[in-house]
Amino acid sequence: WLVVVVFPLLVFGLIRLNREYRAEATILEKLRSTLPFDANYDQHTVFLLVGSVDIAVIEALRYARGLRAENIVAVHFRIDEEVAERVQQRWQHYGIQAPLKVIDCPDRRLGHAAQRLVLEALRQDEDSQVTVLLPRRSYAPLLGRLLHDRTADHIARGISRIPHAVATIIPYDVQAHIREAFPHLPEERLTRSIERLRTRLSQEE
């Protein structure tokens, strides 16, 4: 009975996926003569969304500077007063050379708040581009499944629907950085042992 139920679902999924690929190919064909290979904007603004001040945010800021935008602004959406205050304190403590803008978000709808931020920036200069960077701490596969937060994906999907705006998730392997800096920590030795075991088992398969 499992085959009877699952097989039609798989067939339906494959048909739908094939239809989407064909539709995308049709759209690309229509846009051949107008593909925006040379996009010129009067101004490029980068918003770096900051939930906390950590290594992932610092690395995302380095990435932002590499974009050579006219404006780079870090943004924290204030949901919790204590968290917002801690972010501001740590921002000043580490002397991060980028302005930090704190925006109230009482309804906790981060996706909507990010879209409003982008639309406001685009209204100020219609011939501009806005890039939103979303730092993401990456983890080992098992831990990642437990801790992975889909908030960044949700925000990125909303921003991608806005013309002249793009959202980029910047993953950073914090564990690898810690492992490199403190290779002799007991938990890091355990993690390496587990990873070697997983690699050996996958090779044997």
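**Exercise 1. Place V11: what is its relative accessible area, and which patch does V11 help make?**

Solution. Start with exposure: V11 has a relative accessible area of 33%, so it counts as partly exposed (buried is under 20%, exposed over 50%, partly exposed in between, with a 1.4 Å probe and protein chains only). This is a predicted model, where local features need pLDDT of at least 70, side-chain atom pairs need 80 or more, and totals for chains, interfaces and linings use all residues. Residues are numbered from 1 along each chain as its sequence is written, and side-chain values use heavy atoms, leaving out hydrogens and water.

Next, locate V11: helix 1, residues 2-30 (helices are DSSP runs of H or I with at least four residues, strands are E runs of at least two, numbered from the N terminus).

Finally, F7, V11 and I15 make a nonpolar surface patch of about 270 Å². Patch residues have over 30% relative accessible area and no salt bridge (a Lys or Arg side-chain nitrogen within 4 Å of an Asp or Glu carboxyl oxygen); like charges are joined within 9 Å, nonpolar side chains (Val, Leu, Ile, Met, Phe, Trp, Tyr) within 5 Å. Areas are Shrake-Rupley values with a 1.4 Å probe; for residues, only the protein chains shown count as cover.

**Exercise 2. Work out which residues of helix 3 are buried and which are exposed.**

Solution. Buried first: A84, V87 and W91. Down the axis of helix 3, the buried residues fall within an arc of 60 degrees, so they line one face (the arc uses directions from the helix axis to the C-beta atoms). On the other side, E81, E82, Q92 and H93 are exposed.
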